[in-house]
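Colleague: Could you take me through this model step by step, with each term explained as we reach it?

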Amino acid sequence: MPKVRHFARHSGIPLERVWKFPLLNEYIIYRLTGAVYGDTNIQGMSGFYHIGQQRWSQAALDYAGIRADQLAETAPAACISRPLVADWCARLGIDPVPVYACGN
């Protein structure tokens, strides 16, 4: 959350123009799969997801000035996967494999 606030205050880019604010793990997943997704544990540590209530924290979203749809698709660990994209498969010499988000 602090990094999103910092971005909002100093980037000069209107927040409504930002497609996604991925966390580091989610950005790596994006580079591997082309999709932005993660898990509730990591989002809970970001301050945007209320783990106990299993929902986005509206107070945190309001504080940061963003919408929930600007964050990653989120589910419990290992519940979401997408296949490794073709260029990574070629680089590694492997067939497509699922890429999961699994917390820490």
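**The surface and the core**

Modeller: W19 is exposed, because its relative accessible area is 55% and exposed means over 50%, with buried under 20% and partly exposed in between (1.4 Å probe, protein chains only). Please keep in mind that this is a predicted model, in which local features need pLDDT of at least 70, side-chain atom pairs count only at pLDDT 80 or more, and totals for chains, interfaces and linings use all residues. Residues are numbered from 1 along each chain as its sequence is written, and side-chain values use heavy atoms, leaving out hydrogens and water.

Colleague: Which residues form a nonpolar patch on the surface with W19, and what is their accessible area together?

Modeller: A patch is made of residues with over 30% relative accessible area and no salt bridge, where nonpolar side chains (Val, Leu, Ile, Met, Phe, Trp, Tyr) are joined within 5 Å and like charges within 9 Å. W19 itself sits in the loop between α1 (2–10) and α2 (24–33), helices being DSSP runs of H or I with at least four residues, numbered from the N terminus. The patch joins W19 with L24, Y27, I28 and Y30, and the accessible area of these residues together (Shrake-Rupley method, 1.4 Å probe) is about 560 Å².

Colleague: Which helix gives the largest share of the largest nonpolar core?

Modeller: A nonpolar core is a set of buried Ala, Val, Leu, Ile, Met, Phe, Trp, Tyr and Cys residues joined through side-chain atoms within 4.5 Å. The largest one here has ten residues, among them V4, F21, F48 and L71. Three residues of this core, its largest share, come from residues 58–64, which form helix α4.

Colleague: Which residues does L71 touch, not counting residues up to four places away in sequence?

Modeller: Contact means heavy atoms within 4.5 Å. L71 is a member of the largest nonpolar core, and with those sequence neighbours set aside it touches K20, F21, Q43, F48, W56, L61 and I66.

Colleague: How far apart in helix α5 are R91 and D87, which form a salt bridge?

Modeller: Side chains of opposite charge can pair when their charged atoms come close. A salt bridge is a side-chain nitrogen of Lys or Arg within 4 Å of a carboxyl oxygen of Asp or Glu, and the closest N and O atoms of R91 and D87 are 3.7 Å apart. R91 is exposed at 57% relative accessibility, whereas D87 is partly exposed at 41%. Because R91 and D87 are four residues apart in helix α5 (residues 86–92), their separation is about one helical turn.

Technical notes: Helix = DSSP H or I, 4+ residues; strand = E, 2+ residues; numbered from the N terminus.
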